Amino acid sequence: MNIINMSAADVSRLANESYICLETYRKNEKPVKTPVWFIVDHESIYVVTKENTGKVKRLKYNGGVRIATCNFRGKITGDWIHGQARLVSSDEQEEVIKKRNKKYGFKATLANLFTRGKGNYAVIEVKI
């Protein structure tokens, strides 16, 4: 797949997709690809995860990311897009989590139950 440049206004085209592959980088710069659920809001992409996950730890060292649409197994179905990621503050998280739960419905409820013991939520914002 190609790497494309996408404006922030073009991000809304991703809203109807179910999964994106979020590529983060280890300290040694080796990429790690993870298929994730996401929402699009105000020209940003948001990913809800738990605070103890590898992707959260990797973002603390390097906020540069790439994203591409993918299927639930992580098979890339679209072009790669470069972005910059950050962890949002706890007071910004509640609205994003509500929107994620609305988008994914019962699947989100199940995911919440299965990940209860894995720590608090962390929300990643990706700006294109």
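Is Thr-34 buried or exposed? Thr-34 is buried, with a relative accessible area of 19%; buried means under 20% relative accessible area and exposed over 50%, with partly exposed in between (1.4 Å probe, protein chains only).

A word on the ground rules. This is a predicted model, where local features need pLDDT of at least 70, side-chain atom pairs count only at pLDDT 80 or more, and totals for chains, interfaces and linings use all residues. Residues are numbered from 1 along each chain as its sequence is written, and side-chain values use heavy atoms, leaving out hydrogens and water.

Thr-34 sits in strand β3 (residues 31–36); strands (E, at least two residues) and helices (H or I, at least four) are DSSP runs numbered from the N terminus. Here are the contacts (heavy atoms within 4.5 Å) of two residues, leaving out neighbours up to four places away in sequence.

| Residue | In contact with |
|---|---|
| Thr-34 | Ile-20, Cys-21, Leu-22, Lys-55, Arg-58 |
| Leu-22 | Val-32, Lys-33, Thr-34, Val-36, Lys-55, Val-65, Arg-66, Ile-67, Ile-124, Val-126 |

Leu-22 also belongs to the largest nonpolar core, which has 24 residues. Such a core is a set of buried Ala, Val, Leu, Ile, Met, Phe, Trp, Tyr and Cys residues joined through side-chain atoms within 4.5 Å. Apart from it lies another core of 7 residues, including Tyr-46 and Val-96.

Now for helix α2 (residues 90–114). α2 bends by about 120° at Gly-105, the angle between axes fitted to the seven residues ending there and the seven starting there. The buried residues of α2, among them Val-96 and Tyr-104, pack against β4 (39–41), β5 (44–50) and β8 (121–127).
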